[in-house]
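Hello,

Here is the structure I promised to pass on to you. Have a look at it first, and then read my notes below with the 3D view open beside them.

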Amino acid sequence: MELLKFFTAGNVDDGKSTLIGRLLYDSKSISTDIIETLTRQSKVTALNAEIDLALLTDGLRAEREQGITIDVAYKYFSTEKRKFIIADTPGHIQYTRNMFTGASNADMAIILVDARNGITEQTKRHSIISSLLSMPHIMVCVNKMDLVGYDEKIFRKIADDYLVFAKKATQKEITFIPVSALAGDNVVTRSTKMPWYKGQSVLEHLEQIPLHEENSPAPGRFQVQYVIRPQTSKFHDYRGFAGKILGGSFHKGQEVELMPSAIRTTLSAIEVNGKEVESAEFPQPVVLHLKDDIDLSRGDSIVPVGAGQRIDKDIEAIICWMDNLPFKPGQRLLLQQNSFRTKASIKNIIGNIDIHSMEEIPNEAPPQLNDICKVKIKSADSVVFDRYTENRYTGSFILIDENSNNTVAAGMIE
Amino acid sequence: MEKTFDYLDQLEAEAIYIMREVAGQFDNPALLFSGGKDSICLVHLALKAFRPGKFPFPLVHIDTGHNFPEALDFRDKLTEHIGERLIVRKVEDTIRDRKLQDAKGKFPSRNMLQTYTLLDTIEEFKFDACIGGARRDEEKARAKERIFSVRDEFGQWNPKMQRPELWNHYNGKISSGENVRVFPISNWTELDVWNYILREEIGLPNIYFTHERECVTTENGQLMANSSFLNLEKEDTILRKQVRYRTVGDMTCTAAVESQAYTVEDIIAELKEVKISERGATRMDDRISEAAMEDRKKGGYF
């Protein structure tokens, strides 16, 4: 069985939580005691539905009281075909950072649009973020079709508007589905109320979209997380470099280059789960062994000879500022990329990314919460990286404030 | 050549990555071990992450004094078998040293008291990270918790101040006095755990499988094991039932479920049928209010 991770985004009242609730409810993933609790709570909050499905995802007390979602909630369900992990992210503008969080590990985005309102500023923002994060698949659910008389023209108009806008973004695949999360139309089963729609239901689509892109094989990428040195009599000379393969594959006997030292050696052995194997690939956790006794520590990289990574102390990146306090010029930061960490600072602010046009607008003002901008970063130690569009794990990073220890920005290397 | 990884491989890879990040980022981590199936899976994952080396952390058990003897026995045999260090701290000692009120009632729960012992143990050993087996599917508040969850010096969780968690970049930077709770199997469901136990042939305490046991029925109709920890009244009748446990917590607040499941396969088949959630079926402590777990987490609970 395969695993698909997706995130959902939409405005406050687009019915996102209801859609997720409907997926869980109709796929029979909700247990009876939770339904009992919901039925009890629904009498208090919902006026127009038997069970308020949104209550399934609104976990924290403040959210239940205010009837909004304030943080990313993770939900799980499975069908015979796939296991699904949903990151339910809030729609409010002030929670863009949570959407980044939910989207960073997703294979797919579901964007909700209220059929009565059409494309809004929020829809654009969600699409831009999905595009920036290189989501391979986007599903646009035009929700509340029941409130517009299941009218095909309204659905077509929204899809057309979206495509005009999305041309400016670089999305790979966009699917439009007319739904009513509240009534269950086209969520799990196909609706009889919209005979003009010949496509799949939301769940059918989730079950069949391909998980892997048919690109040329990515180059091998590996970073040392932890050095295993038992120093026992049985494993006297054992020195294994533990980490996860972040891209491509590696095989025993392969010529490799260590980064940033640029020393060349050979992979003498690869272990997966304590057993020696001939080769291993993304995303397996492995222990690599080198032919030569070379000093290599946490955060260093191993790459195939001839498919090396870029290495630099000056990086251009798109960042999303996530801290409540705006960036202060001279702010002392740490850049973390997987297991690699170095001191860093933002040297220049080049411009903001406009959420309407996807264009870069020259701007040097310090980024504030939820701003997406292009910056130049200077690091103390050399960063070994790829472009984000080539590898989302070696091409991304976070910035940490050295004083508060908070994660203040997410970055994608250009 | 296109190869798709099974979802269990992906969940396992994520958990091993997280454990190695803990080893790489912290000076003094610990793995909280309860003897339950989730923490037994954590030990199994740690073996995969660090062997042939030693674990970079001890196993820590907060012993409430109300444990199932079978779970304690399993704990001791497992730690001896893998040759790792086990630290045990007892809630009874905390009650005595801090002059606390012990839990009362027919089914006395030391859940709140356990938090004192946990925080004292973190303080005693200066642990900067504690790995736990909590999963997001267990409860609504847990569904919102990060994998690296920063706690202040009082052990408190602040849901509105959580650090965004992006890609594989786990930020474990803390100031002195703070610590991080780390949940490597956050994204696993109860069924995933059992499928993994089946695939990896992981041994478990026998109370997870059906057995005959003396039980008492609670007001809500739940079955509680008869033990010397309960304060039974005359009108309580003791029944002999064929039961098993879905979670292994304290004998006083973990309910048994009637079951005929003798094997892991039986349990998986049963779970696919049964439509009551794990905590709903077996935990008296979560029934107090809708926000019971959220409140306990804010107070330093796991």
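**Two helices in chain A**

Helices α4 and α5 of chain A cross in the right-handed sense. Please keep in mind from the start that this is a predicted model. The axes of α4(A) and α5(A) come within 10 Å, and the crossing angle is roughly 40°, which makes α4(A) oblique to α5(A). If you would like to find the contact on screen, look for T96(A), M99(A) and F100(A) on the α4(A) side, and for R125(A), H126(A), I129(A) and S130(A) on the α5(A) side. Sorted by class, the residues of this contact are 3 nonpolar, 3 polar and 1 charged.

**The sheet behind them**

Next, turn to the open sheet of chain A. In what order do its 6 strands run? The order is β2-β3-β1-β4-β5-β6, and the pairing is mixed. Strands β2 (73–78) and β6 (174–178) of chain A stand at the edges with a single partner strand each, so one side of each has no neighbour in the sheet. From one strand to the next, the twist averages 25°.

At one of these edges, β2(A) pairs with β3(A) (residues 82–88) in the antiparallel sense, over 6 bridges. One pair to look for is F77(A), whose bridge partner in β3(A) is F84(A). Helix α4(A), residues 96–104, packs on the sheet and touches β1 (2–9), β2 and β3 of chain A, with its direction at about 165° to that of β1(A). Helix α5(A), residues 121–132, lies across β1, β4 (108–114) and β5 (137–143) of chain A, and runs at about 170° to β4(A).

**Helices in chain B**

Now move over to chain B, where helix α6 (residues 190–200) is a good place to begin, together with helix α1 (residues 7–25). These two pack at an angle of about 95°, with their axes 11 Å apart. Angles of 65 to 115 degrees count as roughly perpendicular, and α1(B) and α6(B) are therefore roughly perpendicular to each other. In their contact, Y7(B), L8(B), D9(B), L11(B) and E12(B) of α1(B) meet D192(B), N195(B), Y196(B), R199(B) and E200(B) of α6(B). The residues there divide into 4 nonpolar, 1 polar and 5 charged.

Helix α6(B) also meets α2(B): their axes come within 11 Å and cross at roughly 50°. That angle is why α2(B) and α6(B) are oblique to each other. Is the crossing left-handed or right-handed? α2(B) passes α6(B) in a left-handed crossing. From α2(B), the contact takes in K37(B), D38(B), C41(B), H44(B), L45(B) and K48(B), and from α6(B) it takes in E190(B), V193(B), W194(B), Y196(B), I197(B) and E200(B). By class, this contact has 6 nonpolar, 1 polar and 5 charged residues.

**Aromatic pairs and a barrel**

Over all chains, the count comes to 20 aromatic pairs. One of them is formed by Y17(B) and Y170(B): the pair is tilted, with 6.2 Å from centre to centre and 50° between the planes. It links distant parts of the chain, as Y17(B) sits in helix α1 of chain B and Y170(B) in the loop between β5 (148–151) and β6 (179–182) of chain B, 153 residues apart.

Chain B also has a barrel, which 4 strands close in the order β7-β8-β10-β9 with antiparallel pairing. On average, neighbouring strands of this sheet are turned by 70° against each other, direction ignored. Within the barrel, β9(B) (residues 239–244) and β10(B) (residues 255–258) pair in the antiparallel sense over 2 bridges. Look there for V243(B), which stands opposite E258(B) in β10(B).

**Some backbone details**

Finally, here are a few spots to zoom in on:

- M259(A) and P260(A) are joined by a cis peptide bond, with omega about 10°; P260(A) is in the loop between β11 (255–259) and β12 (264–272) of chain A.
- The peptide bond from R51(B) to P52(B) is cis, with omega near 10°, and P52(B) lies in the loop between α2 (37–50) and β2 (59–63) of chain B.
- N186(A) has a positive phi, near 60°, and is a residue other than glycine; you will find N186(A) in the loop between β6 and α7 (202–208) of chain A.

Enjoy exploring, and best wishes!

Note on methods:
Residues are numbered from 1 along each chain as its sequence is written. Chains are lettered from A and ligands numbered from 1 in the order in which they are written. This is a predicted model: local features need pLDDT of at least 70, side-chain atom pairs count only at pLDDT 80 or more; totals for chains, interfaces and linings use all residues. Side-chain values use heavy atoms; hydrogens and water are left out. Two strands pair if DSSP finds at least two bridges between them. Axes are lines fitted to C-alpha atoms, for helices over the stretch in contact, and angles run from 0 to 180 degrees between N-to-C directions. Contact means heavy atoms within 4.5 Å. Angles under 35 degrees count as roughly parallel, over 145 as roughly antiparallel, 65 to 115 as roughly perpendicular and the rest as oblique. Ala, Val, Leu, Ile, Met, Phe, Trp, Tyr, Cys and Pro count as nonpolar, Asp, Glu, Lys and Arg as charged, and the others, Gly among them, as polar. A crossing is left-handed if the near helix is turned anticlockwise from the far one by less than a right angle, and right-handed if clockwise. Rings of Phe, Tyr and Trp (its six-membered ring) pair if their centres lie within 6.5 Å; planes under 30 degrees apart count as stacked, over 60 as edge-to-face and the rest as tilted.
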